[in-house]
Amino acid sequence: MNPRLHAHADLAADQLAQLATACLIEEARLTPKPGLVDSRGNGAHLDLSLVLMERSAHSLTPAFYQLAQQSWLRPADPALRETVGRLGREGEAQMMAATGGVNTHRGALWALGLLVSAAAMLGGGAERGAIARAAAQLAQLPDRAAPRGFSKGLRAVHRYRVPGAREEAQQGFPHVMALALPQLHRSRQQGAEEPAARLDALMAIMTSLSDTCVLNRAGLAGLDTMQRGARAVLAAGGTAQPAGRLALAELDAAMLAHNASPGGAADLLAATLFLDRVGGQPN
Ligand SMILES: CC(C)(COP(=O)(O)OP(=O)(O)OC[C@H]1O[C@@H](n2cnc3c(N)ncnc32)[C@H](O[C@H]2O[C@H](COP(=O)(O)OP(=O)(O)OP(=O)(O)O)[C@@H](O)[C@H]2O)[C@@H]1O)[C@@H](O)C(=O)NCCC(=O)NCCS
Ligand SMILES: Nc1ncnc2[nH]cnc12
């Protein structure tokens, strides 16, 4: 690469990494989220806190930067997939070191890592649909260096025969593209303040996601509670409306009663905030 292009790629990689980190922090701070860590407290989690989530988000900035830099203007091929897999695993190790071994953002690193790579593959200026499709192409490629073995997500995917984090990415992030982004833009257009529009986008994801975090902690009953509760919030006019706010409080109480936390949905909200800002005009 010539030196000027190199400098441009470095700057763009830095911007993508800072944006991805900011989206993680904005997701974590958004309040009130049902069952999740937010500015009020730890939700259904004993080992997580807002301070830890923010430390974790910052620990991932170098990984996002490396992912963007190494993916700059490259095609989705097995060589890039293996590089992205290696950088993802290194990023996860950094995150675990920063949190003392607590899994804060594994799913978020997966989703945002692929999207950061995809945005860089397309040279930084692509529209969000193209970025999601490029991320899906990467996710569909085999990573020969990936260790095989047990994960809590895979256990839920097999036990309940549902799609998990892998499938969400391989399908081009349908919960982000078809549900959360349209809801975010609709709520803004209807006059909702930004936090309410973001909470509505989270609700849109929760109406249909098979969140393996919820399944592992609370089974199909917990997942049903999450999906029905999120639908009730949106049917009541969303979180900008008093009735929607009441339905959200009921959903929070129900999630806590199930000891359930929609960590996968929270990751996809961060991905939504990223694509909202990186991928062009509202659709
Ligand atoms: C593909 C990987 C994400 C691995 O996925 P897998 O399903 O095999 O394994 P998990 O370790 O369970 O991670 C999946 C995480 O994805 C989030 N998630 C869940 N459901 C969905 C869904 N339907 N769609 C999208 N995303 C989803 C979720 O992440 C959040 O929850 C985490 C907390 O989870 P956990 O520790 O299980 O839960 P707790 O209840 O807190 O635990 P206890 O208190 O009970 O102990 C938190 O991290 C959130 O982020 C799932 O956990 C991916 O890791 C992978 O293969 N990476 C390889 C490297 C690579 O190729 N990277 C490329 C891009 S960088
Ligand atoms: N706010 C949050 N609370 C709990 N788990 C999460 N995973 C990602 N964001 C989260």
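1. Let's begin with N259, which sits in the loop between α12 (242-257) and α13. Please look at its backbone: N259 is not a glycine, yet its phi is positive, at about 55°. Since this is a predicted model, I give the value as one computed from the coordinates. N259 counts as partly exposed because it has 15 C-beta neighbours inside 10 Å, and a residue needs 20 or more to be buried.

2. L73 is a second place to check. It follows just after α3, with a positive phi of about 55°, and it too is a residue other than glycine. Its place is in the loop between α3 and α4. Is L73 buried or exposed? The count is 12 other C-beta atoms within 10 Å, so L73 is exposed; the cut-off for that class is 12 or fewer.

3. The helix before that loop is worth a glance as well. In α3 (residues 61-71), the buried residues are A63, F64, Y65, Q66, L67, A68 and S71. By contrast, L73 in the loop that follows is exposed.

4. While you are going through the backbone, note the peptide bond between T31 and P32: it is cis, with omega at about 0°. P32 belongs to the loop between α1 and α2 (50-59).

5. Now for the ligands, starting with ligand 1. There are 38 residues around it, and those that come nearest are G88, G107, G113, G153 and G264. Which helix supplies the largest share of this shell? That is α5, with 7 residues. At least two residues each come from α4 (78-99), α5 (106-121), α7 (152-160), α8 (165-170), α11 (212-235) and α13 (263-278). Sorted by class, the shell has 17 polar, 11 nonpolar and 10 charged residues.

6. Ligand 2 has 14 residues around it, and A28, L36, V37, G263 and A266 come nearest. Two or more residues of this shell are given by α1 (3-29) and by α13. The most come from α13, which gives 3 residues. The class breakdown here is 7 nonpolar, 5 polar and 2 charged residues. If you are looking at both ligands, keep α13 in view: it supplies at least two residues around ligand 1 and gives the most around ligand 2.

7. Back to α5, this time for its packing against another helix. Two packed helices are described by the angle between their axes and the distance between the axes. For α5 and α6 (residues 128-140), the angle is about 115° and the axes are 8 Å apart. The two helices are therefore roughly perpendicular to each other, and their crossing is right-handed.

8. Which residues make up this contact between α5 and α6? On the α5 side they are L114, L115, S117, A118, A119 and M121, and they meet I131, A134, A135, L138 and A139 in α6. By class, that contact has 10 nonpolar residues, 1 polar and no charged ones.

9. A last point concerns Q189, found in α9 (residues 174-189). Q189 is exposed because 10 other C-beta atoms lie within 10 Å. If you want a pair for a long-range distance check, take Q189 and R55: they are 134 residues apart in sequence, and their C-alpha atoms are 33 Å apart in space.

Key: Residues numbered from 1 in each chain as written. Chains lettered and ligands numbered in written order. Predicted model: local features only at pLDDT ≥ 70, side-chain atom pairs only at ≥ 80, totals over all residues. Near = placed C-beta within 6 Å. Helix = DSSP H or I, 4+ residues; strand = E, 2+ residues; numbered from the N terminus. Nonpolar A, V, L, I, M, F, W, Y, C, P; charged D, E, K, R; others polar. Axes fitted to C-alpha atoms, helices over the stretch in contact; angles between N-to-C directions. Parallel < 35°, antiparallel > 145°, perpendicular 65-115°, else oblique. Left-handed = near helix turned anticlockwise from the far one by under 90°. Contact = placed C-beta atoms within 7 Å.
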